Amino acid sequence: MLKQKLQGELKQSMLARDVLKTSVLRMLLSALNYYEIQKGGAGYEATDEDVLSVINREAKQRKDSIEQFTNAKRQDLADKEKQELEMLQAYLPTQMGEEQIRAIVQETIREINATSIAEMGKVMGALMPKVKGKADGGLVSKIVRESLQ
């Protein structure tokens, strides 16, 4: 299970005195524990899908922070966030390319017979389970909007 893998890597990074990796893994496991408490209390054990969801959320937060720090001209903080983001992305499945996403969007639009932007919700509802964790939701939404206009 992915959670045990993360815990094992935390121990290894602590023994290797890898400060950045230890910090990122501690933050990630803390977020995961918080998620488990929210989801079902002390007895709930996160599934691999839950773990990937938490990693995705943390990666998205890093991307937002990088943008904010860059706009505020705090390159030192932006660089730290970039390093953390790179470590988080190592635990995520490979992201789909834009062309792959476009092909899946076109296929889904044909399946649903969507013709207008008013049906975007139906398309997104059918599409997101197909690309969950493998594509950025913002990019998927942008491609669907372009395809339906």
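In which helix does K21 lie? In this predicted model, K21 belongs to helix α2. With a relative accessible area of 26%, K21 comes out as partly exposed. Setting aside residues up to four places away in sequence, K21 touches E9, S13, M87 and Y91. The chain also brings K21 and Q83 together across a gap of 62 residues, with 9.4 Å between their C-alpha atoms.

Stepping back to the overall fold, the picture is all helix: the protein has 7 helices and 0 strands, so read from the N terminus the elements simply go α-α-α-α-α-α-α. The C-alpha atoms fit in a box of roughly 55 × 45 × 25 Å along the principal axes. Of the 149 residues, 34% count as buried. Contacts across the sequence are well represented, too: among those between residues at least 6 apart, 57% join residues at least 24 apart. As for the surface, the protein exposes about 9100 Å², and carbon and sulfur atoms supply 52% of that area.

Next comes the packing inside. The largest nonpolar core has 20 residues, and L6, L28, L32, V51, V54, I55 and L88 are the ones with the most contacts inside it. Helices α1 (2-15), α2 (19-40), α3 (48-71) and α4 (75-89) each give two or more residues to this core. The largest share comes from α2, which puts in 7 residues. V54 gives a closer look at this packing: leaving out neighbours within four places in sequence, V54 is in contact with L28, A31, L32 and Y35. There is also a second, separate core, this one of 16 residues, with I109, L127, V140 and I143 among them.

Then there are the charges. The protein carries 23 positive and 22 negative side chains, and the centres of the two sets lie 2 Å apart. Side chains of opposite charge can pair when their charged atoms come close. A search of the whole structure turns up 12 salt bridges.

One of these salt bridges joins the side chains of E36 and K3, with an N to O distance of 2.9 Å. Since E36 sits in helix α2 and K3 in helix α1, the pair ties together parts that are 33 residues apart in sequence. Both E36 and K3 are buried.

Another salt bridge pairs K60 with D64, at 3.8 Å from N to O. Here the two partners share helix α3 and are 4 residues apart, so about one helical turn separates K60 from D64. D64 counts as partly exposed because its relative accessibility, 39%, falls between the 20% and 50% cut-offs.

Over in another part of the chain, the side chains of E146 and R102 meet in a salt bridge of 3.2 Å, N to O. E146 is in helix α7 (residues 137-148) and R102 is in helix α5 (residues 98-112), so this pair ties together parts that are 44 residues apart in sequence. Both ends have some access to the surface: E146 is partly exposed at 39% relative accessibility, and R102 is partly exposed at 25%.

Not every salt bridge stands as an isolated pair, though: E58, R62, K80, E81 and E84 are linked in a network.

Definitions and conventions. Residues are numbered from 1 along each chain as its sequence is written. This is a predicted model: local features need pLDDT of at least 70, side-chain atom pairs count only at pLDDT 80 or more; totals for chains, interfaces and linings use all residues. Side-chain values use heavy atoms; hydrogens and water are left out. A nonpolar core is a set of buried Ala, Val, Leu, Ile, Met, Phe, Trp, Tyr and Cys residues joined through side-chain atoms within 4.5 Å. Buried means under 20% relative accessible area, exposed over 50%, partly exposed in between (1.4 Å probe, protein chains only). Contact means heavy atoms within 4.5 Å. Accessible areas come from the Shrake-Rupley method with a 1.4 Å probe; for residues, only the protein chains shown count as cover. Lys and Arg count as positive and Asp and Glu as negative; His and the chain ends are not counted. The place of a charge is taken as NZ of Lys, CZ of Arg, CG of Asp or CD of Glu. A salt bridge is a side-chain nitrogen of Lys or Arg within 4 Å of a carboxyl oxygen of Asp or Glu.
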